[in-house]
Amino acid sequence: MNNLILLELLQYKAWADQELMQCLCDNQDRLAPELLKKSVRLMKHIHVVDCIFAAHLSGQKHAFASTNTDATPEPEALTWAMQETNQALLDNLRTWHETEVHSRMHFQFTDGDPGSMSPTEMLLHVGVHSTYHRGQVSQMLKDAGIAPPRELLTRKLHAQEPDRRKVYAC
């Protein structure tokens, strides 16, 4: 049960990340350079945190000393990197048995403090964390007069499965 909910969350996250990154890529020329940079840096922060937790989930070390990088990537390059990491998170989840997603894993946060979370908690964190920051980027786009994608699970479901909009007699 939890694996299905986590799978839906990660699929939604991947879709929403892609939608917003596409909007940023398509509107680079309409955004003031500092606003574009700030937006891309927030999306890069999402990506770095995703990479950090993907490493924790696989029991690997990561190379990050903080939750962002000094360099600001080009939006197109970041889009591809985010897609790869989202796919890796989905692939990783698909290999777990239901009981494994509740076991406690120990790791170290980038500030050096120890941490302990279950895979379920880690995946919930990356899903909720990304939603929070996509909301910030969406508000910046709105303030610049650009309509961000409507980040709604219902929109995703109906776009991917149009038959859900059909009316069936009861």
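**Figure legends: close-up views of a predicted model**

**View 1. Surroundings of Ala-16 in the predicted model.** Not counting residues up to four places away in sequence, Ala-16 touches Arg-134 and Glu-151. The model shown here and in the views that follow is a predicted one. Ala-16 belongs to helix H1. With a relative accessible area of 3%, Ala-16 is buried, because residues under 20% are placed in that class. Ser-130 is 114 residues away from Ala-16 in sequence, yet the two C-alpha atoms are 9.1 Å apart in space.

**View 2. The largest cavity and the residues around it.** The search of the whole structure finds one cavity of 30 Å³ or more. The volume of the largest cavity is about 50 Å³. Ala-16 is one of the residues that line it, together with Trp-15, Glu-19, Leu-20, Ser-138, Pro-149, Arg-150, Glu-151 and Arg-155. Helix H1 gives the most to this lining, with four residues. By class, the lining of the largest cavity comprises four nonpolar, one polar and four charged residues. Glu-151, a contact of Ala-16 in the preceding view, is thus shown again here as a lining residue.

**View 3. The largest nonpolar core.** This core has 20 residues, and those with the most contacts inside it are Leu-10, Phe-53, Leu-57, Leu-89, Leu-93, Met-122 and Leu-123. At least two residues of the core come from each of helix H1 (2-26), helix H2 (33-58), helix H3 (75-95), strand E1 (105-108) and helix H4 (119-143). Helix H2 gives the most to this core, with six residues. Apart from the largest core lies another, of 17 residues, which includes Leu-20, Leu-35, Leu-36 and Met-43. In soluble globular proteins, nonpolar side chains tend to be buried together.

**View 4. Contacts of Phe-53.** Phe-53 is among the residues with the most contacts inside the largest nonpolar core. Leaving aside neighbours within four places in sequence, Phe-53 is in contact with Phe-107, Phe-109, Met-117, Met-122, His-125 and Val-126. Of these partners, Met-122 is also listed among the residues with the most contacts inside the core.

**View 5. The largest pocket.** The volume of the largest pocket is about 220 Å³. The lining has 14 residues, of which His-56, Gln-60, Lys-61, Phe-107 and Gln-108 are the closest to the centre of the pocket. Helix H2 and strand E1 each supply at least two residues of the lining, and the largest share, four residues, comes from E1. By class, six of the lining residues are nonpolar, seven are polar and one is charged. Phe-107, a contact of Phe-53 in the preceding view, appears here among the residues closest to the centre of the pocket.

**View 6. Setting of the close-ups within the protein chain.** Five helices and two strands make up the secondary structure of the protein chain, and along the sequence they follow the pattern α-α-α-β-β-α-α. The radius of gyration is 17 Å, close to the 15 Å that the globule rule gives for 170 residues, so the chain is as compact as a globular protein of that length. The C-alpha trace spans about 55 × 45 × 20 Å along its principal axes. Of the 170 residues, 43% count as buried. Among contacts with a separation of 6 or more, 72% are accounted for by residues 24 or more positions apart.

Notes. Residues numbered from 1 in each chain as written. Predicted model: local features only at pLDDT ≥ 70, side-chain atom pairs only at ≥ 80, totals over all residues. Heavy atoms only, no water. Core = buried A, V, L, I, M, F, W, Y, C linked by side-chain atoms within 4.5 Å. Buried < 20%, exposed > 50% of the residue type's maximum accessible area, 1.4 Å probe, protein only. Contact = heavy atoms within 4.5 Å. 1 Å grid on protein atoms, 1.4 Å probe; cavity = no way out; pocket = protein on both sides within 12 Å on 5 of 7 lines; lining within 4 Å. Points joined across faces, edges and corners; volume = space filled by probe spheres on them. Nonpolar A, V, L, I, M, F, W, Y, C, P; charged D, E, K, R; others polar. Rg over C-alpha atoms; globule rule 2.2 N^0.38 Å.
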